[in-house]
Amino acid sequence: MQFRLTSPLMKYATLALVISASVDGAAAQTTTDPLTLGEAISAARENNPSFLTTQTQIRSAEWGVRAAYGNLVPSLSTSTSFGYTAGGQRRLDSVVLGEQPAQISSSYNIGMQLSLDGTTLLAPSVARAEARVAEQNVSGAAASLEAEVAQRYLNVLEDRAAVGQAERELARTEEHVRLAAGRLEVGAGTALEVRRAEVQRGQAQVRLIQARNTAANDLLLLSQTMGTPLPEDVPLAEEFELFEPAWTADQLVEIALAENPTLVARRAQADAAATRARAAATSYLPTISFNAGLGGYISQAGDIDPLVTQAMQSAQNSYNSCLEQNRLYGAVDLPLRSCSDPSSTGFEQGIRSNLERQNSGFPFDYARQPWNAGVTISLPIFTGLTRQQRIEEARIARSNAQYQVRGQELQTHVDVESSLRNLQTSYQSALLQQQIRSTAAEELRLVEERFRFGATTNVELVDAQASLAEAERAEIAAVYAFHRSLAVLEARLGQSLAR
């Protein structure tokens with residue numbers, strides 16, 4: 001069955017060999033659903049902890065954009081306070097101001113402030129540029145994760161192909177042991193030939209054990225990268241053929257310069273640095289601040305007797321002053337004033353009743369204060385050289401970011417051409433290894449026929465079997481080297497390649 005995958009690195013990251021019949025039989029009996037490379041990548045994007053940690057950069061950047069726009073809106077604040085002052089004598093230096101009762105008070109204030117300068121006005125642009133950087137960083141992390149999953153997936157496929165090869169090699173050595181034992185029984189062979197065949201079988205058993213262990217360990221690494229456990233017998237469903245790469249370096253470099261995740265992220269960082277440089281240059285502009293507010297206050301005495309006493313003393317002083325003025329007015333025949341005598345009946349009670357009415361309303365019956373508003377314009381003229389330093393540092397950061405983009409473009413050009421060369425070399429090597437394996441298989445068949453008829457020695461048969469086993473392992477390695485090279489090339493391009 002052929003699989004058509006659309007995301008980068010998903011189409012060509014699988015084996016070009018057929019796994020041995022014994023492995024296929026085991027896979028056919030399992031109840032575990034086959035795992036495609038696309039499913040592995042999707043699971044990794046949903047569960048890989050490192051990628052999920054990187055992905056939170058987008059949420060943080062989005063809130064940065066919201067906060068930058070929020071700074072263009074006036075801030076509104078409110079506060080309330082409660083206080084208590086114990087009773088006693090009030091003094092100003094050595095002067096006694098009188099006995100004051102205990103006081104409880106409360107107040108509130110509502111204020112609105114807004115401060116605008118060049119940095120604040122350009123903050124949304126800076127925040128949007130940084131959000132684009134975060135998005136490209138996450139895209140780059142996703143591409144790296146896909147590449148890692150593809151490599152892990154390939155490792156497991158190669159390991160299972162190696163297990164199949166080890167099983168075939170073991171089957172050949174088992175046949176060799178039976179053949180040597182049969183020759184010994186009919187007197188055509190020797191015990192030494194049997195022992196050599198048994199040694200070869202033991203070595204094949206060791207290689208099979210090691211191959212299975214490597215396959216199990218690499219499956220664990222794939223599970224770790226995916227962020228989810230996989231059963232040991234999970235079948236991997238991708239199958240692809242070798243093909244001759246027909247792309248030119250110029251075609252691929254053009255694609256990479258537009259799509260390479262690292263290069264795209266560098267460009268976003270350069271754009272953000274340029275925006276920050278423009279924002280830093282606005283430090284020469286004035287700052288305009290607006291504020292407005294209103295408030296209220298209420299105070300209440302715990303005991304009004306000291307207030308009544310003070311009021312009676314003030315009334316008595318006023319009464320005495322009024323009598324003195326009337327005496328003077330009488331001496332010059334001027335009309336007399338009407339004086340209120342504090343000792344008259346009900347005078348003190350009236351003062352007390354009035355103070356009781358005034359001394360109420362705590363804590364929320366506030367006496368509202370007049371509202372206020374103001375505008376302040378400030379223009380920094382000379383602040384040392386720190387402002388110029390910040391501007392120059394921002395310009396240097398912009399230049400460095402542009403240099404990094406140019407450097408990454410050059411690196412991408414080299415990487416793509418090198419990857420294409422590696423892919424072409426891997427393809428040619430895989431074809432040669434297939435031919436070598438076919439020749440080694442034919443050699444072993446001929447040696448086995450000669451050995452059955454006693455026309456050759458056991459040593460030649462052992463050598464032919466070892467040569468075929470080595471050729472099979474080399475073929476597996478060469479085919480997977482081709483697919484790995486293709487996966488690396490696609491990772492550097494930032495997209496999959498159509499065959």
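The exercises below, each with a worked solution, concern a predicted model.

**Exercise 1. The surroundings of Glu169**

Task: Determine where Glu169 lies, whether it is buried or exposed, and which residue its side chain meets in a polar contact.

Solution. Begin with the secondary structure, where Glu169 is found in helix H4, which covers residues 118-185. Next take the accessibility: the relative value for Glu169 is 5%, and since buried means under 20% relative accessible area, Glu169 counts as buried. Then turn to the side chain of Glu169, which makes a polar contact of 3.2 Å with the side chain of Arg473. Finally, list the neighbours, leaving aside residues up to four places away in sequence: Glu169 touches Ala204, Arg207, Ala469 and Arg473.

**Exercise 2. The nonpolar cores**

Task: Find how many residues the largest nonpolar core has, and which residues have the most contacts inside it.

Solution. The largest nonpolar core has 25 residues, and those with the most contacts inside it are Leu35, Val149, Tyr153, Leu222, Met226 and Leu230. As a second step, ask which helices contribute: helix H2 (37-47), H4, helix H5 (191-226) and helix H11 (458-493) each supply at least two residues of this core. H4 provides the largest share, with 10 residues. Apart from this core lies another, of 18 residues, and Leu242, Phe243, Ala430 and Leu486 are among them.

**Exercise 3. The disulfide**

Task: Identify which residues the disulfide joins, and where in the chain its two cysteines lie.

Solution. A search of the whole structure finds 1 disulfide, and the residues joined are Cys322 and Cys339, with an S to S distance of 1.7 Å. For the handedness, look at the angle about the S-S bond, which is -80°, and the link of Cys322 and Cys339 is left-handed. The positions come next: Cys322 is in helix H8 (residues 305-331), while Cys339 is in the loop between H8 and helix H9 (347-358), and the pair, 17 residues apart, links distant parts of the chain. The two cysteines can then be placed by accessibility, Cys322 counting as buried because its relative accessibility is 4%, and Cys339 counting as partly exposed because its value is 22%.

**Exercise 4. The aromatic rings around Phe243**

Task: Work out what arrangement the rings of Phe243 and Trp247 have, and which residues form one aromatic cluster with them.

Solution. A pair of aromatic rings is described by the distance of the centres and the angle of the planes. A search of the whole structure finds 3 aromatic pairs. For Phe243 and Trp247 the ring centres are 5.9 Å apart and the planes stand at 85°, so the pair is edge-to-face. The pair of Phe243 and Phe482 is also edge-to-face, with 5.4 Å centre to centre and 85° between the planes. Now place the residues in the chain: Phe243 lies in the loop between H5 and helix H6 (249-259) and Phe482 in helix H11, so their pair ties together parts that are 239 residues apart in sequence. Accessibility follows, with Phe243 buried at 14%, Trp247 buried with a relative accessible area of 16%, and Phe482 buried with a relative accessible area of 0%. To complete the solution, Phe243, Trp247, Tyr427 and Phe482 form one aromatic cluster.

**Exercise 5. Helix spans and helix ends**

Task: For H7 and H10, set the span from first to last C-alpha beside the expected span, and state which residue caps the N-terminal end of H7.

Solution. Helix H7 (residues 261-281) has 21 residues and reaches 31 Å, close to the 30 Å expected at 1.5 Å a residue. Its N-terminal end is capped by Asn260, a side-chain oxygen of which lies 3.1 Å from the backbone nitrogen of Thr262. Helix H10 (residues 386-452), with 67 residues, reaches 93 Å, close to the 99 Å expected. Just after H10, Gly454 takes a positive phi of about 75°.

**Exercise 6. A positive phi outside glycine**

Task: Establish where Asp333 is placed, and whether it is buried or exposed.

Solution. The phi of Asp333 is near 60°, a positive value in a residue other than glycine. Asp333 is placed in the loop between H8 and H9. With 70% relative accessibility, Asp333 counts as exposed, the cut-off for that class being over 50%.

Technical notes: Residues numbered from 1 in each chain as written. Predicted model: local features only at pLDDT ≥ 70, side-chain atom pairs only at ≥ 80, totals over all residues. Heavy atoms only, no water. Helix = DSSP H or I, 4+ residues; strand = E, 2+ residues; numbered from the N terminus. Buried < 20%, exposed > 50% of the residue type's maximum accessible area, 1.4 Å probe, protein only. Polar contact = N/O pair within 3.5 Å; in protein donor to acceptor, adjacent residues only side chain to side chain. Contact = heavy atoms within 4.5 Å. Core = buried A, V, L, I, M, F, W, Y, C linked by side-chain atoms within 4.5 Å. Expected span 1.5 Å × (residues − 1). Disulfide = S-S within 2.5 Å. Phe/Tyr/Trp six-rings, centres within 6.5 Å; stacked < 30°, edge-to-face > 60°.
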